[in-house]
Amino acid sequence: MQGAIHAVPATQTPRLWLDIGTSFRTLTKWDLEQNASLVVVGVDPLRSNIEHAYQPKTPRFVRIHGACSESTGTATFYVHKSPTCGTLNPTRKNAPTVGTGNDACTGDVPIPTQVPTFPLRLLLRSLPSTGRIELLKIDVQGSELDCLRSAGAELQRVDNVLLEVQDAAEGSNL
């Protein structure tokens, strides 16, 4: 992390964003390319996603392999064919098919994989204590609330939260 902070020009104050569930291409790539003061921490359970060629090629993009969870350890992560649809949640048996082939999010048979997990509060504590976290984006396919809750009191360091919300209740068509 210190290398990322040092990559910000000395004349600028570092700005910090967290991208939880970055997938194979962080949505902050353009921001990183256009703003030399920005440091983005990208977190994804799949090493292939955070090391993907589409990720930004700057030391200001910090890659963390793992899944945001209430506990530290490992958990089963369900890998779907689409690199954006992996989840800690098993697919409902009656879930509708979403996508096909390499774009399948449900309707395919996911591959269960063990991934490292950590609560968000531990990640927040590991970041430089002198600054605020300008943006926390959480897109973790149905586990957003668990991830956000795992921040605990450390959430006070975050100025803005952007999170995906899915209607995945039993009666939902998703």
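A residue is called exposed here when its relative accessible area is over 50%. Val165 fits that description in this predicted model: its relative accessible area is 71%, so it counts as exposed. As for where Val165 sits, the place is the segment after β8, the strand that covers residues 161-163. Val165 also has company at the surface. Together with Val161 and Leu163 it forms a nonpolar patch, and the three residues share about 260 Å² of accessible area. Looking further along the chain, Val165 and Thr106 are 59 residues apart in sequence, and their C-alpha atoms lie 17 Å apart in space.

Leu32 makes a handy contrast. This leucine belongs to helix α2, which runs over residues 29-34, and its relative accessible area is just 1%. Buried means under 20%, so Leu32 is buried. From the C-alpha of Leu32 to that of Asp159 the separation is 19 Å, with their positions 127 residues apart along the chain. Leu88 falls into the middle class: at 21% relative accessibility it counts as partly exposed. It is found in the loop between β5 (73-79) and β6 (111-118). The C-alpha atoms of Leu88 and Pro128 are separated by 28 Å, although the two residues are 40 apart along the chain.

Next come the salt bridges, of which the model has 5. One of them joins the side chains of Arg15 and Glu134, with 2.9 Å from N to O. Arg15 is part of strand β1, while Glu134 sits in the loop between α4 (120-126) and β7, so this pair ties together parts that are 119 residues apart in sequence. Both partners are partly exposed: Arg15 has a relative accessible area of 25%, and Glu134 has one of 26%.

A second salt bridge involves the strands themselves. Asp19 pairs with Lys137, and their closest N and O atoms are 2.4 Å apart. Because Asp19 lies in strand β1 and Lys137 in strand β7, the pair ties together parts that are 118 residues apart in sequence. Here the accessibility values are on the buried side of the cut-off: Asp19 counts as buried at 2% relative accessibility, and Lys137 counts as buried at 11%.

Another of the salt bridges is formed by the side chains of Glu154 and Arg125, at 3.5 Å from N to O. This pair also links distant parts of the chain, with Glu154 in the loop between α5 and β8 and Arg125 in helix α4, 29 residues apart.

Two residues stand out for their backbone angles. Most residues other than glycine have a negative phi. Ser23, however, has a phi near 65°, a positive value in a residue other than glycine. The serine lies in the loop between β1 (15-20) and α2 and counts as buried, given its 9% relative accessibility. Gln141 is the other case, with a positive phi near 45°. It lies in the loop between β7 (135-138) and α5 (144-149). At 16% relative accessibility, Gln141 counts as buried too.

Ser23 turns up again in the second largest pocket, which has a volume of about 340 Å³. The lining of this pocket is made up of 28 residues, and those closest to its centre are Gly21, Ser23, Asp44, Thr84 and Asp139. Strands β2 (38-44) and β4 (67-68) each supply at least two residues of the lining. By residue type, the lining of the second largest pocket divides into 13 nonpolar, 10 polar and 5 charged residues. Ser23 thus combines a positive phi, a buried position and a place among the residues closest to the centre of this pocket.

Definitions and conventions: Residues are numbered from 1 along each chain as its sequence is written. This is a predicted model: local features need pLDDT of at least 70, side-chain atom pairs count only at pLDDT 80 or more; totals for chains, interfaces and linings use all residues. Side-chain values use heavy atoms; hydrogens and water are left out. On a 1 Å grid over the protein atoms alone, a cavity is a set of points where a 1.4 Å probe fits but cannot get out, and a pocket is an open set with protein on both sides within 12 Å along at least five of seven lines; lining residues have an atom within 4 Å of a point. Grid points are joined across faces, edges and corners, and a volume is the space filled by probe spheres set on the points. Helices (H or I, at least four residues) and strands (E, at least two) are DSSP runs, numbered from the N terminus. Ala, Val, Leu, Ile, Met, Phe, Trp, Tyr, Cys and Pro count as nonpolar, Asp, Glu, Lys and Arg as charged, and the others, Gly among them, as polar. Patches are made of residues with over 30% relative accessible area and no salt bridge: like charges are joined within 9 Å, nonpolar side chains (Val, Leu, Ile, Met, Phe, Trp, Tyr) within 5 Å. Accessible areas come from the Shrake-Rupley method with a 1.4 Å probe; for residues, only the protein chains shown count as cover. A salt bridge is a side-chain nitrogen of Lys or Arg within 4 Å of a carboxyl oxygen of Asp or Glu. Buried means under 20% relative accessible area, exposed over 50%, partly exposed in between (1.4 Å probe, protein chains only).
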